[in-house]
Amino acid sequence: MYKYLFFLLFPVFVFSQSQKISGTVFNSEKEKLDSVKVELYNSENILIKSLFTNMEGNFSFESLSEQSFKLKINDEKYLSFEKLVAAKNDNQIVNVILKNNQKDIEGVTLIKKKPLVKRRVDRLEFNVENSNISSLNAWEILKKTPQVTISNDVLAVKGGTSVLITINDKKVMMSGEELKNFLENTQGDDVKSVEVITNPPAKYEAEGGAVLNIVMKKNKIEGYRGVVSSKYVQTQYAKGVAGLSQYYKKDKLSIMGSYFRGTGTYYREGTDFVNYPEDGTTWINTMNRKDQAKSQNTVNFNVEYEIDSLTTASLNYSGYFNPKSFGTYNVPTLIYNFQNQIESNYTTINDHHSRTINNSLSFQIDRKLNKKSSISWINYFTGNNSNKYQNVLTYLNFADQTPRETNFMTNNKSDVQLYSTQFDYRWKNNKFELESGAKYSFVKTDSQLDFSDNENGQFQYRPEKSSLFDYKEHNFAVYTSMAYNLEKWSFKGGLRAEMTDLEGMVSEPYEVNENNYWSLFPTFYAQYTTENKHEFGFSYGKRISRPFYSWLNPAKSYYNLFSYYQGDPKLKATIIHNLNLTYSFKNWNVDLYYRKELFPSMEISFQQHENNNLIYYFTNIEKGQAFGLSLYKSFEIKPWWNLIVSENLEHNENYFKGIDGVLNRNKVWNWVSNISTSLTLDKNSDWKMEVGHKYYSPGIQGTFTISSQWSAYFVMNRKFFNKKLEAAFIFNDIFRSTQQKVSTKYGNQDNYFLDYQDTQGFTFSLKYNFGNQSVKNSKTIKKADEQERL
């Protein structure tokens, strides 16, 4: 009886079990597509469920009671997709390939669109490929990236200035003017996206508060093509850049090379005010800096070769050469008494020149082990060599003293060499991802300052004012990171351990500074996505910011007899804790964040009243902390009219000890606003116009209080001759409103300076494309033996 009953109910048991259908959505280039809506219909063509693919392009329908279904995907970018599928107990896997919603032609026509912002579990992705800003260079693109601000050429992410720049996850071994020059000569058409990583995962080195990763497009165009470009910049004085970029791809070989040469005159205005209450005097000097650079050369070369279908090797070289920048500063200083009358004065004439050479070389091998895992090995070498010479002549005319003149010379030579090697392993499936690796790096810095002054018409070397500084640093790191993706939840966590062993030696006065320490850097991320595509996220990360090597050099670099700059060989590394809460929906992106910095290192100034010296030096302050709200929203008013609003409101606090040992607090509410609107005047010629406005409310940096500033800009670009020639016009700082006042006022410290960095001016650029500019239809390539084993 029971046997008959079992056979009668067996079909019911079978069909009542949970059925499952899952899969991955790709485009025709085998790239995984996220945020694609997948719909599931029953046999009566009634919609049962719908969901969006996750960041890995995966979808999964579970707890299905039927066995026959129809999958549908309707996306405006791709042709409609339908397929009959049968659910299975052990998971029916369906891989979907969507074809582009356009006819197959020999050349692919790209339609310009607004940049797309995507929220990932561990980063914000600003996709600029084929957008209306891709005609700009990489530096200008960074200015328009969400959560990124650039003030006086200093990069900041949500108020934090400790920022690491990487290109395709490779660290750019440049900073300051070299980095800006390099990015200005990087074509925006080659940039796919910019990733804003406020809490970098364990894979990235722990150095820096945030990472800006510039993702470059792969060269998919067979044959040869090139770009000739030139740029003319007119501010107070003229500057110009011209260059050539060339690309070649044939089968397994891909080569890119570029060379840019720039020349011009750089100008900066500054006025210093120093009050000495003890003697009732005020010292005011005006310094208009004019420097000429006859030859600024930027070189980039990259070659990539597919050894086989599983192994790729690449070699990259980048170099920056500035053989000579020179100038002569004439700096008058007036000294007022307490009755506001001039009682003394002196004039400084600073004749100087400098040379900078930077070479970076990297070699990388990537290998696929199987369908789920891969390894990579990358090596870096960077060498930076600089030489700065100055001859300083001072005419002194002090009250109750005989007029006299003094003369001194300094020659500062610096050589930095860095080597690193890194090994990474990655394993992933539809839901789980594992990354692990190790890295070793070594840095060696040699710096020599020679000081001589004029004694009875002869220059005499002064060893007590000269210095030798040798610095060595070894760093070893291991890391592991895991990510897990559910239907609506995404999790990621990791741990990085770094060992630092350093030794710094100073010759005058002789001192050796040694330190050896281990540090752990945990990271954690969670993101929840609702059915209506509302995204909520949380992340935490611990970082470290090590001082620049030049900050560790204690040698006194004199501006004049009464002012000099000095580093500190005992500078501590800054520990940074970041907390983020994020919300995204459609084009809305909101971040609520908190940042805590232990012993942040920065440049500050202080007055020595006994000898009327004003000293600028790098030091550690006690701590800094900030919390704020960041918002980014893109509005499409019309298909040809776009408006972008980017706002950041932050409360920032810095705690520091004055020269009297008293703990002081500097705090401020800081608001950064960036509003721009762009118009497409003619779609056929990509004729576009943009107008924007930037505002920075008062800010702080250690002892400094920085005044507000604002600027307006105008951009227009257009293409000609079947879009082979592109012209662009940019007018920056239209109203010359970027002058800042930087002041220090606490205890007996009372000084400030006015600074204008010559930002008002216009830029006119031309770019001509030649060679093969179209993507040809790809032939079907038979899988190699190595691929068959995957």
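**Aromatic contacts in the predicted model**

In this predicted model, the charged end of lysine 623 lies over the ring of tyrosine 655, at 4.9 Å from the ring centre. A second such arrangement involves lysine 239, whose charged end sits over the ring of tyrosine 266, 5.0 Å from its centre.

Contacts between aromatic rings were searched for across the whole structure, and 30 aromatic pairs were found. One of these is formed by phenylalanine 398 and phenylalanine 562; the pair is tilted, with 6.2 Å from centre to centre and 55° between the planes. The two residues belong to distant parts of the chain, being 164 residues apart. Phenylalanine 398 is in the loop between β22 (373-397) and β23 (404-428), whereas phenylalanine 562 is in the loop between β30 (557-560) and β31 (563-566). Both phenylalanine 398 and phenylalanine 562 are buried.

Tyrosine 565 and phenylalanine 618 form an edge-to-face pair, with the ring centres 5.7 Å apart and an angle of 85° between the planes. Here too distant parts of the chain are linked: tyrosine 565 is in strand β31 and phenylalanine 618 in strand β35 (residues 613-620), 53 residues apart. Tyrosine 565 and phenylalanine 618 are both buried.

Ring pairs also join Tyr276, Trp283, Tyr346, Phe398 and Phe562 into a cluster. The tilted pair of phenylalanine 398 and phenylalanine 562 thus has both its members in this cluster.

An unreviewed UniProt entry lists residues 370-768 as "domain: Outer membrane protein beta-barrel". In the model, this span is 77% strand and 0% helix, and its end C-alpha atoms are 43 Å apart.

Key:
Residues numbered from 1 in each chain as written. Predicted model: local features only at pLDDT ≥ 70, side-chain atom pairs only at ≥ 80, totals over all residues. Heavy atoms only, no water. UniProt positions renumbered as here; feature names shortened; annotations may be inferred. Helix = DSSP H or I, 4+ residues; strand = E, 2+ residues; numbered from the N terminus. Phe/Tyr/Trp six-rings, centres within 6.5 Å; stacked < 30°, edge-to-face > 60°. Buried < 20%, exposed > 50% of the residue type's maximum accessible area, 1.4 Å probe, protein only. Lys NZ or Arg CZ within 6 Å of the ring centre and 35° of its normal.
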